[in-house]
Amino acid sequence: MSAAVLVAIVAAVGNLLQGWDNATMAGAIIYIKKEFEWENEPTMEGLSVAMSLIGATLITLCSGGISDWLGRRPMLIVSSMFYFVSGVLMLWSPNVYMLLLARLLDGFGIGLAVTFVPLYISEMSPPEIRGLLSTLPQFTYSTGIFLSYSFVFCMSLTESSSWRLMLGVLFAPSLIYFALTLFYLPESPRWLMSKGRVLEARQVLQRLRGTQDVSSELALLVEGLEVGHETAVEEYVIGPPNEVVDEEKQSTEKEEIKVLRAERISSMVALRLPPGNTSFLSAASLSKQTSVLSIDPVVSLFDTLHDKSDDDKLVGTTSSSVFATSSYNEHHHQPRQHADHNEGGYASDDLRSPLISRQTTGQGNTMMASSLSGGSSFKTTSQCDHHQSTPASIGGGWQLAWKWKEAGEGSSSSADHNNNNNNNVNNGDLKRVYLHKDGDGDQNSNNRLVKAGALVSQSALSSCTAKLLTDDHHPALGAAMIHPCAAAVTKGPNWKDLFEPGVKHALIVGMGIQIVQQFLGINAVLYYTPQILEQAGVQVLLADMGISSTSSSLLISAVMTLLMLPCVVIAMRLMDVSGRRSLLLNTNPVLTVSLVILVMTRYIEVGSNIGKAAVSTVSVITYSCFFAMGFSPIPNILCAEIFPTRVRGVCIGICGITFWICNIMITYSLPMMLSWIGLGGVFSIFAVASLVSWGFVYLKVPETKGMPLEVITEFFSLGAKQQQQPPQIIINADDTN
């Protein structure tokens, strides 16, 4: 786990360089205006600042597809190279044209870093701390701003301040970043799996997780290659065969499925409940958006899951795995089976251990749960003679399983879909099943039955895998056991997938959150903080110390960013506790109030100039700190979480383009707006945008904390399709007659 943290820290250095560049430009523009005599030319001033944003937009146009082709790591390496070249050119810059070219190349580096660092970290991180690690770019970004403002402030105290040195010093840390990305960072295991490079993906996961046993997560990565199709909600009761009540068994005899726990020491019977017995998932899926101003069904689905998980924690239940029922009696008298290999069970040069195994019921139905090889599913202690079951989990209380049905038991439409995806083996049907314990299940310690909600959709496992699973002789399983289907690997990103309901819905959320973030005006405020504070009269606060107005505004900007750092640390702590949605909804009102106060100071007499400057400064600092806790890091975190693996790079690129276009619009127009409507008018617009953003988050943005990326995309697929068909079709969707 520590390896995943170190990898995230190294990757986030790219955002430190972005923060450094943004802040140095905010200070250097004051001296650039004087040298090129732009005091009365806001257009040229805006162009010099926006040139890097134009570069970021241009590189983002094509980088999404390229990252799906070449990988995430090369994007970070190229980003560091652009940083270095632009730093050298800005250090030289004999004229305005070379400065603009340097800013353009700098924008290329910024665009790649902003787009792919959150994506890279998200694909590397375990679900439980993904929010914390994904907030690291915001922390390093704020750190870069603080260091840069401190550097520029010190230079402003000298008699001859050089804007070229302010901007060009970027080349030094970019060299360090280049070395780290080239020699330390691994490639994303999800991208490696999408290219069929299974062994490399396994090795990276073993390094990141600090364990040799990563089979269940590898299986999850395989399933993430398939964009969700025909996602259905089903309900099961899972438990030991001898404890399933007769009436349930009789009513669902045709649906009896055995779930292998590990090494076939014992199996759990899964009984499909009739449609009237709803789990928390199916109950949530009954909700339907009735108007534009009603809460999105996707939001309701996610909220139901997290509310249930919170209730489980309050009553002391365990949701780490729906199969984690009391297992002492079940295994106490059974001999332990040992494997003939080391803990983790993997040789360095092959893939002999199966990800999934099988048990059949004799009725043609099979459910397979991801198994841990080498006997690691059963832990023993030196003091006890019993085994404790610790089934594999994919994070967030979810368990990955598979369901196989023989020919004649599925619908023709499902069979046709299987044929199209090369998953139909011997006229059978292989489905993936994401299971989660239902909080309403029986908590009696004497009853080991567990009620579980399930998301069921088409599996991405290869036809060879399915054939091995259904072989009664259960032959030795090799590398083919975990290979995804050929279509999932060779097809790559497809523009048609962008119109799949779940992907399209996620794009609306991702693009929308980027738009409302930019129209809050934070990037414009950061670029022009020194000038904004100077207009607010901040120079009077430090006039008695003999510090000029320019140096005063830079100093207060440095203090402001220093105060942002503990706020970001708080956000890192809360990101996986309170969650993304909660942070957005609770920090937004503070942003609105701060902006309203800034407007009022422009039109209402506050008293002395010192009082007016103090109120303005406190409001700007409060605004920036609370923005750093919510709307600054979370849009990129969400965009890195809500798209399927196959189209994640393309979708991130689309959201990135939206981000940069809005950024250019605001940043380029801010100098002109300041001259036309003044500071009060500008902040009035931002205050209205803040109210709109709260409404958008409340209605459209779901809570994704602690959930595997692949399950998040499945939720989007399910919720989006509720808008297109009656809820009963989703709840009753099944392959049996």
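Which residue caps the N-terminal end of α20? In this predicted model, that job falls to Glu-500, which has a side-chain oxygen sitting 2.9 Å from the backbone nitrogen of Gly-502. The helix that follows, α20, runs over residues 501-518. Its 18 residues should span 26 Å at 1.5 Å a residue, and the end C-alpha atoms do turn out to be 26 Å apart, so expectation and model agree. As for its surroundings, 14 of the 18 residues of α20 are buried, so the helix is largely enclosed by the rest of the structure.

Stepping back to the whole protein, the secondary structure adds up to 29 helices and 9 strands. The protein has 737 residues, and 61% of them count as buried. What remains open to the outside comes to about 26,800 Å², with carbon and sulfur atoms supplying 60% of that exposed area. Contacts also reach far along the chain: taking those with a separation of 6 or more, 82% link residues 24 or more positions apart.

Next come two residues with backbone angles worth a look. Most residues other than glycine have a negative phi. Glu-37 goes the other way, with a positive phi near 55° despite not being a glycine. Ser-93, not a glycine either, has a positive phi of about 30°. Both sit in loops: Glu-37 is in the one between α2 (13-36) and α3 (42-70), while Ser-93 is in the one between α4 (73-92) and α5 (96-124). Are these two residues buried or exposed? Glu-37 has a relative accessibility of 63%, and because the cut-off for exposed is over 50%, it counts as exposed. Ser-93 has a relative accessible area of 0%, so it is buried, the cut-off for that being under 20%.

Ser-93 turns up again in the surroundings of Trp-163. This tryptophan is found in helix α8, which covers residues 163-168. With a relative accessibility of 2%, Trp-163 counts as buried. Which residues does Trp-163 touch, leaving aside its neighbours within four places in sequence? The list holds Ala-28, Tyr-31, Ile-32, Glu-35 and Phe-36, along with Met-90, Ser-93 and Leu-99. Elsewhere along the chain, Val-152 lies 11 residues from Trp-163, and the C-alpha atoms of the two are separated by 8.9 Å.

Terms used
Residues are numbered from 1 along each chain as its sequence is written. This is a predicted model: local features need pLDDT of at least 70, side-chain atom pairs count only at pLDDT 80 or more; totals for chains, interfaces and linings use all residues. Side-chain values use heavy atoms; hydrogens and water are left out. Helices (H or I, at least four residues) and strands (E, at least two) are DSSP runs, numbered from the N terminus. Buried means under 20% relative accessible area, exposed over 50%, partly exposed in between (1.4 Å probe, protein chains only). The expected span of a helix is 1.5 Å times one less than its number of residues. A polar contact is a pair of N or O atoms within 3.5 Å; within protein, one must be able to donate a hydrogen and the other to accept it, and residues adjacent in sequence count only if both atoms are side-chain atoms. Contact means heavy atoms within 4.5 Å. Accessible areas come from the Shrake-Rupley method with a 1.4 Å probe; for residues, only the protein chains shown count as cover.
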